[in-house]
Amino acid sequence: GMWGASETSASLLARYDEDLGVIARYAPAQACLSAYIPVYMTDLPEMMQTAEKKYDENSLWWQVKRLDLLVAVDEEHFAEDVRKELSDLEKVFENLAIQAESIAKKLVKEGSFDEAKAILKQATDSCTELLFDFAKRESDRIAEIIKASGGLYGRQKEAIEKYIDYSEIELF
């Protein structure tokens, strides 16, 4: 009965590269309302390290989850545009990843492991910040539209209200 009790919490795709080791793509919250970020075996950005039970405005996962909840208020109105923008953003991420991986491979072959690690970490950091900023900006925009229409509505209104109470998430 609780909102999100059987939904995807996050997605991770991983492969092994002979030079770089594990290369992953991570989508916080539901993949259909997120974008896959390149992740490598380096230090993760701080905003990627938290996703506790209660809302944290500095958590990437919670920012994407907030966007997910706001879109769920009126999927017919919001989902298509948000998914299109996320798809475009994911293409930017993949291009950044391809470039970073190419440079890092060359550095590894030259024995410059720390430099390679720094290049990969920068790719993860940049993509994480871009997704965080997008989710926050888009959530704020959609929240204003919903607020102007009188607040939560739609077929999932009650479930979203329960989730708000449970997680202490701030939609507006």
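1. Let me start with helix α2, where the buried residues are Phe78, Ala79, Val82, Leu86, Leu89, Phe93, Ala97, Ala100, Glu101, Ala104, Leu107 and Val108. Keep in mind throughout that this is a predicted model. What do those buried residues of α2 pack against? Their neighbours are β1, β2, β3 (37-40), α1 (60-73) and α3 (113-148). As for the spacing along the list, an α-helix has 3.6 residues a turn, so residues three or four places apart point the same way.

2. How far does α2 reach from its first C-alpha to its last? The helix covers residues 75-109, 35 residues in total, and the distance comes out at 48 Å, close to the 51 Å expected at 1.5 Å a residue. Just past the end of α2 sits Gly111, with a positive phi of about 90°.

3. Now the overall layout. The protein chain has 4 helices and 3 strands, and from the N terminus the order is β-β-β-α-α-α-α. Along the principal axes, its C-alpha atoms fill a box of roughly 60 × 30 × 25 Å. Of the 172 residues, 45% are buried. If you look at contacts between residues at least 6 apart in sequence, 63% of them join residues at least 24 apart. The chain exposes about 9,500 Å², and carbon and sulfur atoms supply 50% of that area.

4. On to the strands. β1 (residues 10-17) and β2 (residues 21-28) are paired in the antiparallel sense, over 8 bridges, and the hairpin that joins β1 to β2 runs through 3 residues. For checking the register, Asp17 has Gly21 of β2 as its bridge partner, while Ala10 is partnered by Pro28, also in β2.

5. β2 also pairs with β3, again in the antiparallel sense, this time over 4 bridges. One register point to look at is Ala24, which stands opposite Val39 in β3. Is β2 mostly covered or mostly open? Mostly covered: 7 of its 8 residues are buried. For anyone tracing the side chains here, in a regular strand they alternate between the two faces of the sheet.

6. Next, the charges. Side chains of opposite charge can pair when their charged atoms come close. A search of the whole structure turns up 13 salt bridges. The one I'd open up first is Glu101 with Arg25, whose closest N and O atoms are 3.0 Å apart. This pair links distant parts of the chain, with Glu101 in helix α2 and Arg25 in strand β2, 76 residues apart. Both Glu101 and Arg25 are buried. They don't act as an isolated couple on the page either: Arg15, Arg25, Glu94 and Glu101 are linked in a network of salt bridges.

7. A second salt bridge in α2 is between the side chains of Asp88 and Lys84, at 2.8 Å from N to O. How many residues separate Asp88 and Lys84? They are 4 residues apart in helix α2, so about one helical turn lies between them. Asp88 counts as partly exposed because its relative accessibility is 33%, and that class runs from 20% to 50%.

8. Helix α3 has a salt bridge of its own to look at, Glu138 with Arg141, where the closest N and O atoms are 2.6 Å apart. Both residues lie in α3, 3 residues apart, about one turn of the helix. Are the two partners buried or partly exposed? Glu138 is buried, because its relative accessible area is 5%, under the 20% cut-off. Arg141, at 37% relative accessibility, counts as partly exposed.

9. Last, the surface. Which residues form a nonpolar patch there? The patch is made of Tyr16, Val22 and Met41, with about 340 Å² of accessible area together. Met41 lies in the loop between β3 and α1. With a relative accessibility of 58%, Met41 counts as exposed, since exposed means over 50%.

How values were computed: Residues are numbered from 1 along each chain as its sequence is written. This is a predicted model: local features need pLDDT of at least 70, side-chain atom pairs count only at pLDDT 80 or more; totals for chains, interfaces and linings use all residues. Side-chain values use heavy atoms; hydrogens and water are left out. Two strands pair if DSSP finds at least two bridges between them. Helices (H or I, at least four residues) and strands (E, at least two) are DSSP runs, numbered from the N terminus. The expected span of a helix is 1.5 Å times one less than its number of residues. Buried means under 20% relative accessible area, exposed over 50%, partly exposed in between (1.4 Å probe, protein chains only). Contact means heavy atoms within 4.5 Å. Patches are made of residues with over 30% relative accessible area and no salt bridge: like charges are joined within 9 Å, nonpolar side chains (Val, Leu, Ile, Met, Phe, Trp, Tyr) within 5 Å. Accessible areas come from the Shrake-Rupley method with a 1.4 Å probe; for residues, only the protein chains shown count as cover. A salt bridge is a side-chain nitrogen of Lys or Arg within 4 Å of a carboxyl oxygen of Asp or Glu.
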